[in-house]
Amino acid sequence: MQKINSNILRRILAGVALVLVAVMTASPAAAESIRKERKLITSGNSLYKEGKFTEAMLKYKSALEANANSDVARFNLGLTRIKMAQATGNVQKDDSVAKRLMAEGVELMTQVARLGNAKPDLSAKANYNLGNLRFDSEDYAGAIALYKQALRLNPQFENARRNLRIAQLRQQEQQDNNDDNKDQNQNQQDQNQDQQDQNQDQQEQNQDQQDQNQDQQQDQQDQQQEPRENEISQQAAQQILNAVENNEAQTRARKGNSQGQKAGGAGQSVKKW
């Protein structure tokens, strides 16, 4: 970012000289304002190159006070605030000072970018700088749009063309990585589902084993009870058999007695005629 900004700053210095030559025929008061603005911008540019961003920022602010319509001073002030934000801290983290400086710098740069065809060269540089910020934050789609706008305003802007190609490649890599991540997430989900199915199968097997164990225990209990039941049945059967035999013996005895009595009685009743 440092090298890119330095190149932009050198091109702005050439642009400032051309602007001043075009307005030298203005009124004395306006000419004095322009001379003061030029002096402040030139001083600010020197301080910027030396890395004295705070001092440079003050010069650019004074230039804007001298000429509120100075788009060059506005551009340089925005660029300096962005550079200060980057030097102060990590804008991506909770650094309030860095965030404030970055927000102010982006706002000033956006104002210049909106000039469009009114000042195509300066507006192209503003779009290019904003594109670089989007690129650094990995917003490649936003960077591509800004680089394309810079090229519309200045088709000869080779740095914008180069960065556009790089951003397009990074965007493709980002999309490929996202696709790979989706595939990995799907694979992980499939693995998790397989594991759940395996766990379910294991639970069912465990349940089957428990049922088998319970059946075996019940069979063993039944087998332990069966001999006692058979033994009781045999005893009962023997008792019944004995009772039957006794009954039969008694029956035979009664029949024998009955027949004897009949035989005796018949002999006594025979009469002779």
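Good morning, colleagues. Of the 273 residues in the protein chain before you, 28% count as buried. Please bear in mind that this is a predicted model. The secondary structure of the chain consists of eight helices and zero strands, and the pattern read along the sequence is α-α-α-α-α-α-α-α.

Allow me to turn to helix H2, which covers residues 28-49. What span should its 22 residues have at 1.5 Å a residue? The expected figure is 32 Å, and the end C-alpha atoms are 32 Å apart, so the two values agree. Which residues of H2 are buried? They are Ala31, Ser33, Ile34, Glu37, Leu40, Ile41, Gly44, Asn45, Leu47 and Tyr48. After H2 comes Gly51, with a positive phi near 80°.

A positive phi is also found at Glu138, where the value is near 65° and the residue is not a glycine. In general, most residues other than glycine have a negative phi. Where does Glu138 lie? Its place is the loop that joins helix H6 (120-136) to helix H7 (140-153).

I come finally to helix H8, which runs over residues 158-268 and contains Asp211. Asp211 has a relative accessible area of 30%, and is therefore partly exposed. This residue also belongs to a negative surface patch. Which other residues form that patch? Asp211 is joined there by Asp190, Asp194, Asp197, Asp201, Glu204, Asp208, Asp215 and Asp219.

To close, I would leave you with two points: the chain has eight helices and zero strands, and a negative surface patch includes Asp211, a residue of H8. Thank you for your attention.

Note on methods. Residues numbered from 1 in each chain as written. Predicted model: local features only at pLDDT ≥ 70, side-chain atom pairs only at ≥ 80, totals over all residues. Heavy atoms only, no water. Patch = residues over 30% accessible without salt bridge, like charges linked within 9 Å, V, L, I, M, F, W, Y side chains within 5 Å. Areas by Shrake-Rupley, 256 points an atom, 1.4 Å probe, with all protein chains shown as cover. Salt bridge = Lys/Arg side-chain N within 4 Å of Asp/Glu carboxyl O. Lys, Arg positive; Asp, Glu negative; His and termini not counted. Charge placed at Lys NZ, Arg CZ, Asp CG, Glu CD. Helix = DSSP H or I, 4+ residues; strand = E, 2+ residues; numbered from the N terminus. Buried < 20%, exposed > 50% of the residue type's maximum accessible area, 1.4 Å probe, protein only. Expected span 1.5 Å × (residues − 1).
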